[in-house]
Amino acid sequence: MSEERFGEFVLVRRHGPVAELVLDRPKVMNAVSTEMARSLAGACAALAGDREARVVVLTSSHERAFCVGADLKERNSFTDAELVRQRPVARGAYTGVLELPMPTIAAVHGFALGGGFELALACDLIVADRTAVVGLPEVSVGVIPGGGGTQLLPRRVGAARAAELIFTARRVEAAEAAGLGLVDQVVEEGRDREEALALGARIAANSPVGLRAAKRALRLGHGLDLRAGLEVEDAAWRAVAFSGDRAEGVAAFNDKRKPQWPGE
C-alpha cells in the first residue's frame with residue numbers, strides 16, 4: 001500500500017485500484033481550513049487524471065468524527081475581503097470531490113456536519129457506522145450550506161425533506177439517517193472504513209471505462225426529462241461500445257474467465 005500526502009492535512013492511500021482519500025486534520029476533527037480545502041482540491045485533481053484509480057473512498061483519520069465542516073475559528077478572523085477571496089478555494093474542495101469521474105464512497109463515523117456532510121453528499125454512496133451524526137446546521141450560525149448542500153440534499157431525499165433538515169439545522173443520528181436516505185448503509189461501530197473499502201473493491205472489479213461512463217450518464221441525466229436522459233445514456237453507451245474494455249468483457253464472459261480490463 002502506497003501513500004501520497006497533499007499538504008499537511010490530506011492523504012491518499014492506494015489499495016490496488018481503490019484510492020483512499022483521507023481527511024487528516026484530527027486535532028480539530030477535520031475542520032476544513034483554507035489550506036486543507038486547497039489540498040483536497042489538489043488531491044482530487046490528481047485522482048481525476050489517474051487511470052489506475054477505479055474507485056475513491058473518502059475517509060477520516062479522526063476516531064470520533066468524519067468532518068465538522070468549515071473551520072469557523074479561521075472564518076471568524078477573516079475580513080469581508082478575505083472571505084470573498086477564500087470562497088473559490090472552499091468551493092474547489094467540494095467540487096473536486098463532486099466531479100471525480102470514478103465512483104466515490106464516503107465512510108462516515110461520528111460527526112459529519114455542515115461542510116463535512118456536504119463532502120459526503122458529493123460522493124455517490126455513503127457508508128456510515130452507528131455512531132454517525134449528520135446534518136446541515138449552517139442557518140444556525142447565520143449562513144447557508146455553501147458546499148453543494150442545498151442542491152445535493154434534495155437530490156437524495158426530495159425537496160420538502162431537504163427543506164425541513166436545512167431550515168431546522170437539526171442533527172440526525174445514523175438509524176434515522178438511513179431511514180431518510182441521508183446515508184445508504186449503516187454498519188457496526190468502527191466498521192465504516194473497512195466496509196466502504198470492501199464495497200469499493202467490489203465496484204473496482206468492474207470495467208473502469210464502464211464505471212466512468214455509467215457515472216457520467218447518472219450525473220448528467222439526473223433531472224432531465226426521460227427523452228433527454230435517454231439521449232445522455234445513449235451517448236455514454238456509444239463512448240464505451242467500441243472500447244477495449246467492452247471487447248475484453250464480452251470475450252471473458254464467453255471464455256468463462258475473469259476479465260483483464262485494459263481500461264481504455
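**Group meeting: the fold of a predicted chain**

Good morning. The chain contains 11 helices and 11 strands. Its radius of gyration is 19 Å, close to the 18 Å that the globule rule gives for 264 residues, so the chain is as compact as a globular protein of that length. Please keep in mind throughout that this is a predicted model.

Let me begin with the overall dimensions. Along its principal axes, the C-alpha trace spans about 60 × 45 × 40 Å. How much of the chain counts as buried? Of the 264 residues, the share is 47%, where buried means under 20% relative accessible area. The area that the chain exposes comes to about 13,300 Å², and carbon and sulfur atoms supply 55% of that area. As for contacts, consider those between residues at least 6 apart in sequence: 66% of them join residues at least 24 apart.

I now turn to the strands. In what order do the four strands of the open sheet lie? The order is S5-S7-S9-S10, and the pairing is mixed. Strand S5, residues 65-67, and strand S10, residues 172-173, stand at the edges with a single partner strand each, so one side of each is left without a neighbour in the sheet. The partner of S5 is strand S7, residues 111-113; these two pair in the parallel sense over two bridges. Within this pairing, Ala 65 has Phe 111 in S7 as its bridge partner.

Next, please find strand S8, residues 125-129. Why may we call S8 largely enclosed by the rest of the structure? The reason is that four of its five residues are buried. S8 pairs with strand S6, residues 104-108, in the parallel sense over four bridges. S8 is also joined by three bridges to strand S11, residues 185-187, and these two strands run parallel. One residue of S8 to look at is Val 127: it is the bridge partner of Ala 107, and it stands opposite Gln 185 in S11. As general background, side chains in a regular strand alternate between the two faces of the sheet.

Finally, a word on the aromatic rings. How many aromatic pairs does the structure hold? The number is zero. There is, however, a ring with a charge over it: the charged end of Arg 25 sits over the ring of Phe 9, at 5.0 Å from the ring centre.

To close, I would ask you to remember two points. The chain has 11 helices and 11 strands, and S8 is largely enclosed, since four of its five residues are buried. Thank you for your attention.

Note on methods: Residues are numbered from 1 along each chain as its sequence is written. This is a predicted model: local features need pLDDT of at least 70, side-chain atom pairs count only at pLDDT 80 or more; totals for chains, interfaces and linings use all residues. Side-chain values use heavy atoms; hydrogens and water are left out. Rings of Phe, Tyr and Trp (its six-membered ring) pair if their centres lie within 6.5 Å; planes under 30 degrees apart count as stacked, over 60 as edge-to-face and the rest as tilted. A charge sits over a ring if NZ of Lys or CZ of Arg is within 6 Å of the ring centre and within 35 degrees of the ring normal. The radius of gyration is taken over C-alpha atoms; the globule rule is 2.2 Å times the number of residues to the power 0.38. Buried means under 20% relative accessible area, exposed over 50%, partly exposed in between (1.4 Å probe, protein chains only). Contact means heavy atoms within 4.5 Å. Accessible areas come from the Shrake-Rupley method with a 1.4 Å probe; for residues, only the protein chains shown count as cover. Two strands pair if DSSP finds at least two bridges between them.
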